[in-house]
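Let's take a friendly walk through one helix pair and two glutamines. Have the sequence and the 3D view open as you read.

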Amino acid sequence: MKTKPFLSFWQIWNLTFGFLGIQFGFALQNANSSRILQIYGADVEQLSLFWLAAPLTGMIIQPIIGHYSDRTWCRLGRRRPFFLVGAICTAIALILMPNAGIFLSPGTESAILSPVLIGAGMLMIMDASINVTMEPFRALVGDMLPDEQHTTGFSIQTFLIGIGAVVGSLLPSIMNKVFGLSNTALAGEVADNVKYSFYIGAFILLACVLWTIIRTKEYSPEEMAEFRLSGGESVEKRNMSNGFMEILHDIFHMPGIMLRLGLCQFFAWFALYSMWVYSTPALAEHVYGTTDPSSVEYAMAGDKVGELFSIYNFVAMLFALALIPIARYLGRKVTHAVCLCLGGLGLVSLYLLEDTGLMVFSMIGIGIAWASILAMPYAILSDSLPMDKMGTYMGIFNFFITIPQIVNGIIHGWIVRNVYQGHAVFALLTGGIFLFLAAASVCLVKEKRLARP
């Protein structure tokens, strides 16, 4: 049996480089969507509901994209056609989201299609497009690398994610402080520093994905058959089957390790969703003493959240490469549990601190957890998946990312309003507790012994 060859560092770099651009757009979305939606008129208690658009689209789209990318082959290859289409659609959504008002005529703010609903719609389109691009990238690592290089592949991918996230999170502040673009605007309008950040993000995302498309050559169907990636089944035969029934069958017959990892993922992504949705209103009230989205103080809080998010992403970027030797020494399961605990301490400390300077230390813990969340579950899982269903199962695994966000979106707005009395900072405390629960649940995972490359 022919085995997959080991790839060089730069070959792995090229096949994962597109994720830099994807995360650039994702960082802009995470740090600024709540701010934009509140500018358009959303209340703080409604934010988690509007953010439901993202996980709902991901839960539907990723298994479908994974299933059909497993069965696709054209001149561009197997995964790359999906990269390209998703990147183009994401770039368009990034340009349109901060300009939701252009779809309305003057005086129609009270109509059914209000700016906040259009903004939420753009958030849904953006996240759907990111999912079309993102899912095949994770499957590509499994396609191209032998088992012994999976941790390396996902760690380099996380390093590149960190670069994109750092610059993407900082960009609105850079546009304001370096290039002089205003961080405030008239009521109902998005500030210029945010708008131009989204435009730049659209260009960078598309350019990075094109780099991977141009610089990476996927294995042909014949080579994949030699590596036993297709299980001896022809592409033509599989394309004749009922795709929906195949996906449903794969959901009910997923490997047991997916369910065990899924519990850990549920707790971790519930925590992350809380942080992304509520950080800006939490800091605005907890540190800057305002709940008015049109105030200068709220704009300062929004920019500060972008800066803090850039710190945790910068830490994740650096720590991603350290994960390779640490996981080899401690094992991936123990490494992941320790990292999640550090992230829990980071989120809890945001509730305890009022000095944004000290919050840098909070972001270090969160960054370590974020690096591990992006790498360790996929490295553990990819070793246990059938290669002919890598894309499908990676898409199904996304359920354990989207379901906790949906649950959070449905219940957390009500909890913030009725239990936390509108104080969003308690949502960050809840997120920290859930990261500790994620760390505890890692003990249920049974990983393969990590081979030395």
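In this predicted model, helix 7 and helix 15 run roughly antiparallel to each other, because their axes cross at roughly 155° and angles over 145 degrees count as roughly antiparallel. Helix 7 covers residues 150-177 and helix 15 covers residues 359-382, and their axes come within 9 Å. The crossing of helix 7 past helix 15 is right-handed.

Which residues make the contact between helix 7 and helix 15? From helix 7 come His150, Thr151, Phe154, Ser155, Thr158 and Ile161. Helix 15 contributes Ala371, Leu374, Ala375, Met376, Tyr378, Ala379 and Ser382. Sorted by class, this contact holds 8 nonpolar and 5 polar residues, with no charged ones.

Now for the two glutamines, each of which sits in a loop. Here is how they are placed:

| Residue | Loop between | Relative accessible area |
|---|---|---|
| Gln149 | helix 6 (115-144) and helix 7 | 8%, buried |
| Gln421 | helix 17 (399-418) and helix 18 (425-441) | 56%, exposed |

What does Gln149 touch, not counting residues up to four places away in sequence? Its partners are Pro5, Phe6, Leu7 and Ile12. Gln149 counts as buried because its relative accessibility of 8% is under the 20% cut-off.

Gln421 is worth a look for its backbone. Most residues other than glycine have a negative phi. Gln421 is not a glycine, yet its phi is positive, at about 55°. With a relative accessible area of 56%, Gln421 is exposed, because the cut-off for that class is over 50%.

Technical notes
Residues numbered from 1 in each chain as written. Predicted model: local features only at pLDDT ≥ 70, side-chain atom pairs only at ≥ 80, totals over all residues. Heavy atoms only, no water. Axes fitted to C-alpha atoms, helices over the stretch in contact; angles between N-to-C directions. Helix = DSSP H or I, 4+ residues; strand = E, 2+ residues; numbered from the N terminus. Parallel < 35°, antiparallel > 145°, perpendicular 65-115°, else oblique. Left-handed = near helix turned anticlockwise from the far one by under 90°. Contact = heavy atoms within 4.5 Å. Nonpolar A, V, L, I, M, F, W, Y, C, P; charged D, E, K, R; others polar. Buried < 20%, exposed > 50% of the residue type's maximum accessible area, 1.4 Å probe, protein only.
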